[in-house]
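Good morning, and thank you for coming. I would ask you to keep the sequence and the structure in view while I speak.

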Amino acid sequence: MKEKEIELENKVYVNNIKVIIADDEMKTCEEIKEKIKSYEQIEILGIANTDEDEIRMIEELKPDVVITDLMRGRNFTGLDIIKDYAEKDNSPKFIIVSFTPEAGLIHKYKNVADCVAKFPEINESELAYKIICAKRTIWREQQHLIENKIIEEKRRNSFWGKLKRLIIE
């Protein structure tokens with residue numbers, strides 16, 4: 001691919017990546033925010049310190065990416081929330097940032113949460129890269145849906161076109 005084509009492709013799916021940060025520790029949320037706030041492509045929509053706030057913000061703000069902790073001691077865990085969204089269309093992608101990431105726990109939800117990072121070891125460029133990769137995955141999924149709709153529309157039109165010709169002739 002030529003350099004200009006890559007640059008154009010990156011602009012299409014990388015600009016304005018909407019992110020929510022969710023962790024029960026406010027200090028951790030602030031540290032994550034500090035790590036990514038200098039990236040102009042990333043728009044931090046808000047911070048959720050409770051499970052209920054995380055769910056409400058996902059539903060209301062429709063983020064592309066949710067950076068969440070895996071284990072919390074409240075009504076839900078990050079994993080519970082990921083499980084709930086794994087079955088939904090247009091689910092955000094989840095990046096799990098945890099002091100003790102359990103990659104095996106989320107393996108079966110890889111379609112929604114495919115990034116696991118150990119905190120605080122992850123640096124800002126690694127975290128930003130994971131966010132961009134998550135957005136790229138969303139973009140590719142959307143492109144795939146569009147392509148499928150176009151193919152289906154062509155099939156339908158082709159069928160009706162043939163049927164029309166049979167009736168008229």
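**Val-19 and its surroundings**

Let me begin with one residue. If we set aside its neighbours within four places in sequence, Val-19 is in contact with Ile-36, Ile-42, Glu-43, Ile-44, Leu-45, Gly-46, Val-65, Ile-67 and Ile-131. Apart from Val-19 and the core it belongs to, there is another core, of 13 residues, which includes Ile-20, Ala-22, Leu-70 and Phe-94. I should say at once that this is a predicted model.

Which residues have the most contacts inside the largest nonpolar core? They are Val-19, Ile-36, Val-65, Ile-67, Leu-127 and Ile-131, in a core of 17 residues. Strand S1 (17-22), H2, strand S3 (65-68), strand S4 (93-98) and H6 each supply at least two residues of this core. The greatest contribution comes from H6, with five residues.

**The chain as a whole**

Let us now step back. The chain has six helices and five strands. Along the sequence they follow the pattern α-β-α-β-α-β-α-β-α-β-α. Of the 169 residues, 35% count as buried. Among the contacts with a separation of 6 or more, 63% join residues 24 or more positions apart.

**Ile-20**

Ile-20 lies in strand S1. Is this residue buried or exposed? Its relative accessibility is 0%, so Ile-20 counts as buried, the limit being under 20%. Not counting residues up to four places away in sequence, Ile-20 touches Leu-45, Gly-46, Met-57, Ile-58, Leu-61, Pro-63, Val-65, Val-66 and Ile-67. Ile-20 and Ala-48 are 28 residues apart in sequence, and their C-alpha atoms are 7.4 Å apart in space.

**Three helices and their buried sides**

Before we look at the helices, a general point will help. An α-helix has 3.6 residues a turn, so residues three or four places apart point the same way.

Take helix H2 (residues 26-36), whose buried residues are Thr-28, Cys-29, Ile-32, Lys-35 and Ile-36. Because these residues cover an arc of only 120° around the axis, they are on the same side of H2.

In helix H3 (residues 51-61), the buried residues are Asp-51, Glu-54, Met-57 and Ile-58. Here the arc around the axis is only 130°, so these residues too are placed on the same side of H3. What covers the buried residues of H3 includes S1, strand S2 (42-48), S3, H4 and S4.

In helix H4 (residues 78-86), we find Gly-78, Leu-79, Ile-81, Ile-82, Tyr-85 and Ala-86 buried. Seen down the axis of H4, the buried residues fall within an arc of 160°, so they line one face of the helix.

**After H3**

What follows H3? The residue is Lys-62, which lies in the loop between H3 and S3. Lys-62 has a positive phi of about 50° although it is not a glycine. As background, most residues other than glycine have a negative phi.

**An aromatic pair**

How many aromatic pairs does a search of the whole structure find? The search finds one. Tyr-85 and Phe-94 form this pair, with 6.2 Å from centre to centre and 45° between the planes, and the pair is tilted. Why is it called tilted? Planes under 30 degrees apart would count as stacked and those over 60 as edge-to-face, so an angle of 45° falls in the remaining class. Tyr-85 is buried, and Phe-94 is buried as well. Tyr-85 has a further partner: the charged end of Lys-88 sits over its ring, 4.2 Å from the centre.

**The cysteines Cys-29 and Cys-133**

My last topic is disulfides. A disulfide is a covalent bond between the sulfur atoms of two cysteines. The structure holds zero disulfides. Is Cys-29 buried or exposed? With 0% relative accessibility, Cys-29 counts as buried. Cys-133, by contrast, has 21% relative accessibility and therefore counts as partly exposed. Cys-133 lies in helix H6 (residues 124-168). The C-alpha atoms of Cys-133 and Lys-93 are separated by 9.8 Å, while the two residues are 40 residues apart along the chain.

To close, I would return to the starting point: Val-19 is among the residues with the most contacts inside the largest nonpolar core, and H6 gives the most residues to that core. Thank you for your attention.

Note on methods. Residues numbered from 1 in each chain as written. Predicted model: local features only at pLDDT ≥ 70, side-chain atom pairs only at ≥ 80, totals over all residues. Heavy atoms only, no water. Phe/Tyr/Trp six-rings, centres within 6.5 Å; stacked < 30°, edge-to-face > 60°. Buried < 20%, exposed > 50% of the residue type's maximum accessible area, 1.4 Å probe, protein only. Lys NZ or Arg CZ within 6 Å of the ring centre and 35° of its normal. Disulfide = S-S within 2.5 Å. Helix = DSSP H or I, 4+ residues; strand = E, 2+ residues; numbered from the N terminus. Arc of directions from axis to C-beta. Core = buried A, V, L, I, M, F, W, Y, C linked by side-chain atoms within 4.5 Å. Contact = heavy atoms within 4.5 Å.
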